[in-house]
Amino acid sequence: MSEAERPPQVWRNVRLATFAPTLPGIGAVEKGALAIRDGRIAFAGAEADLPGAALAGAETIDGEGRWITPGLIDCHTHLVWAGDRAHEFELRLAGASYEEVARAGGGIVSSVAALRAASEDDLVRQTLPRLDALLAEGVTTVEVKSGYGLDLPGERKALRAARRLGEVRPVGIRTTFLGAHALPPEAGGDKDRYIAEVAGTMLPALAAEGLVDAVDAFCEGIAFSPEQVARVFDRAAAHGLPVKLHADQLSNLGGAALAARYQALSADHLEHTDAAGAAAMAASGTVAVLLPGAYYFIRETKLPPVDLFRRYGVPLAVATDCNPGTSPLTSLLLAMNMAATLFRLTVDECLAGVTREAARALGILAEAGTLEAGKRADLAVWSVERPAELVYRMGFNPLHVRIRAARD
């Protein structure tokens, strides 16, 4: 059935968390109604203001006082991988650091061999359970990064597998090319030569095949320098592709400021970002994507400077960072709880961080992330008395129904 053939719906007797910029906080509307027509939101507001035209030919649903939010958005994942890295978890429990695991040949490089050995079908099959866990919690859009192939065939395979996820499940998939994730074993330690391959060969080829929505890189001492990242970002700009950056996770190499210089959609992790970086991000409109799952899993002790981001007005998003080595997390609800308990985000910041600000971090705010007329009818309906329950509870899923009414 096409979207045009779907019967219109009107949800009445609901409470709305609209996240509309014209309303304070979460944009709450008590005694609300929401109308869906042709896969789009036709009305979201007070039921008393519901136009009669919205009811014409529509199925009317009594929401029984439930809350409706925009469909949740996981704006930073590495969802497509093969195998697992449980052994590294054991090593870290025994005292090994993230850097020590990576320098010993573990970490990202250990996932490269597994992905290269897997078929595209294998990757889709292994990824679907992780995706399904996210969808079961009301997620309607997921960003998926490559970065475990580290050569053109492997990166292409990962991105193709990611795109297929949106064909076999009702979910929006945004694909991000992360060739500058780590140095592959065959590079012989020559980072500059590998970056030349990422920027000069991989990125143009994958962009030409329509597999890339954005370009990312890992700017860190164990990964790539700001100068090397800039070479990749320059090529992304030449192809008209937006950029994102793994920045300031383990040290401050000026990653936040670098991301801002390229008008990045987001800079992610950010535990070591300083005031200059926060100010630069605010000026460029770059979203700070906080990843409490990784902070928790690798037992980090340096908190991201949330107060700095608030002071400068940097938008805050929250994501799972779902990946095999440092955040095998497939619950965006738990990520919100972690952001609140570990990073001291407010309930409103957490909820906006997985809806409106997550959409901003993916460059899709014009289409998703708020309950406003004209936007995609990507919704989550919750059996809760107050939205704070979505952040407060752990291991409890109060989703009533997830609606993914329109495809990208």
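**Notebook: cysteines and the α5/α6 packing**

I looked for disulfides, taken as pairs of cysteine sulfur atoms within 2.5 Å, and the structure holds zero of them. I am working from a predicted model, in which local features need pLDDT of at least 70 and side-chain atom pairs count only at pLDDT 80 or more, while totals for chains, interfaces and linings use all residues. Residues are numbered from 1 along each chain as its sequence is written, and side-chain values use heavy atoms, with hydrogens and water left out.

I then checked single cysteines. For cysteine 75, the closest cysteine sulfur is that of cysteine 350, 13 Å away and therefore too far for a bond; cysteine 75 has 0% relative accessibility and counts as buried (under 20% relative accessible area, with a 1.4 Å probe and protein chains only). For cysteine 219, the closest cysteine sulfur is in cysteine 75, at 19 Å, again too far for a bond, and cysteine 219 counts as buried at 1% relative accessibility.

Next I turned to two helices (DSSP runs of H or I, at least four residues, numbered from the N terminus). Helix α5, residues 120-135, packs against helix α6, residues 152-168, at an angle of about 55 degrees, with their axes 9 Å apart; axes here are lines fitted to C-alpha atoms over the stretch in contact, and angles run from 0 to 180 degrees between N-to-C directions. The two are therefore oblique to each other, a class left over once angles under 35 degrees (roughly parallel), over 145 (roughly antiparallel) and 65 to 115 (roughly perpendicular) are set aside.

Notes:
Buried < 20%, exposed > 50% of the residue type's maximum accessible area, 1.4 Å probe, protein only.
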